[in-house]
Amino acid sequence: MDDILKLPSFAEKPKGKGNGRAKHTVLTLSCVLSGDGFRAALKSKIDEKEEEFTKLQKKMDREENRRKREEEKAAAKRRRELAKEEKRQKRQEAMKKQKELKESLSERFTNPEENFSGAASTLLDPRFKRVPFSDSAIRVRHEEKIINMMRPLFVADDNTLNTEDE
């Protein structure tokens, strides 16, 4: 079909070695095809080119779509990785805060029986007279500490009583 639409030259060069031969003429396109035949050949050639262009366009569209899908997959993968990293960082921060809170609570609220102020209040308040300590050694230690704290007061009272008696 390509040969139909190519315009031939009006004269061919002679074949062979000699230049003395006469040139012969070749028929032109208009002589070979009639108007309707030429239009049909031209239309079929245009249709072939349009079909080829459409195929190329579809191929380019497929390549573009494939490239976009790959970019979207890569972007989705980056988003997932960023989300994982953010989640990991949040988890680490939460664990750090939990550890700090645990340490501060254990520092402030140790075993209440070990806390002298709470134990002394419990021992001296008659309402809690029957509340047992989990460890009797702790109870005895706090009782002794209270007694030792009260001794100077009794000694001082004895001295003032002795001086008044005289």
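In what order do the elements of the protein run from the N terminus on? They run α-α-α-α-α, and the model on the screen, which is a predicted one, has five helices and zero strands.

**The whole chain**

Begin with the whole protein selected and its surface switched on, where the accessible surface comes to about 15100 Å² and 56% of that area belongs to carbon and sulfur atoms. If you then colour the 166 residues by burial, those that count as buried make up 9% of the protein. Contacts can be viewed in a similar way: among those between residues at least 6 apart in sequence, 37% join residues that are at least 24 apart.

**Along helix 3**

Next, select helix 3, which covers residues 35–108, and display its charged side chains, keeping in mind that side chains of opposite charge can pair when their charged atoms come close. The count of salt bridges in the model comes to eleven, and the tour stops at several of them.

Select Glu51 and Lys55 to begin with, a pair joined by a salt bridge in which the closest N and O atoms are 3.6 Å apart. The two residues are four places apart in helix 3, so about one helical turn separates Glu51 from Lys55. Glu51 is partly exposed, with a relative accessible area of 46%, whereas Lys55 counts as exposed at 54%.

Move along the helix to Arg67 and Glu71, whose salt bridge brings the closest N and O atoms to 2.5 Å from each other. Here again the partners are four residues apart in helix 3, and therefore about one helical turn lies between Arg67 and Glu71. Arg67 is partly exposed at a relative accessible area of 33%, and Glu71, at 43%, also counts as partly exposed.

Now select Glu85 and Arg88, where the side chains meet in a salt bridge of 2.3 Å, N to O. Glu85 and Arg88 are three residues apart in helix 3, which also amounts to a separation of about one helical turn. Both ends of this salt bridge count as partly exposed, with Glu85 at 32% relative accessibility and Arg88 at 33%. Then add Glu63, Arg66 and Glu70 to the selection, since these three residues are joined into one network by salt bridges that share partners.

**From helix 3 towards helix 5**

Which loop holds Glu114? Glu114 is found in the loop between helix 3 and helix 4, and with a relative accessible area of 40% this residue is partly exposed. Show the residues that Glu114 touches, leaving out those up to four places away in sequence, and you will find Ile138, Arg141 and His142. Of these, Arg141 is 27 residues from Glu114 in sequence, while the C-alpha atoms of the two lie 9.9 Å apart in space.

Select Ile138 next, whose place is in helix 5. Is Ile138 buried or exposed? Its relative accessible area is 7%, and because buried means under 20%, Ile138 counts as buried. Beyond residues up to four places away in sequence, Ile138 touches Glu113, Glu114 and Phe133. A distance drawn from Ile138 to Glu113, C-alpha to C-alpha, comes to 7.1 Å, although the two residues are 25 apart in sequence.

Stay in helix 5 and select His142, which is also buried, at 4% relative accessibility. With residues up to four places away in sequence set aside, the contacts of His142 are Glu113, Glu114, Asn115, Phe116, Ala119, Leu123 and Phe133.

From that list, keep Phe116 on display and add Lys145, which lies over the face of the Phe116 ring, at 4.4 Å from the ring centre. A search of the model for aromatic pairs returns a count of zero.

**A patch on the surface**

For the last stop, turn the surface on again and select Met149, Met150, Leu153 and Phe154, which make a nonpolar surface patch of about 410 Å². Phe154 belongs to helix 5, which spans residues 136–165, and His142 and Ile138, visited earlier, lie in helix 5 too.

Note on methods:
Residues are numbered from 1 along each chain as its sequence is written. This is a predicted model: local features need pLDDT of at least 70, side-chain atom pairs count only at pLDDT 80 or more; totals for chains, interfaces and linings use all residues. Side-chain values use heavy atoms; hydrogens and water are left out. Patches are made of residues with over 30% relative accessible area and no salt bridge: like charges are joined within 9 Å, nonpolar side chains (Val, Leu, Ile, Met, Phe, Trp, Tyr) within 5 Å. Accessible areas come from the Shrake-Rupley method with a 1.4 Å probe; for residues, only the protein chains shown count as cover. A salt bridge is a side-chain nitrogen of Lys or Arg within 4 Å of a carboxyl oxygen of Asp or Glu. Buried means under 20% relative accessible area, exposed over 50%, partly exposed in between (1.4 Å probe, protein chains only). Contact means heavy atoms within 4.5 Å. Rings of Phe, Tyr and Trp (its six-membered ring) pair if their centres lie within 6.5 Å; planes under 30 degrees apart count as stacked, over 60 as edge-to-face and the rest as tilted. A charge sits over a ring if NZ of Lys or CZ of Arg is within 6 Å of the ring centre and within 35 degrees of the ring normal.
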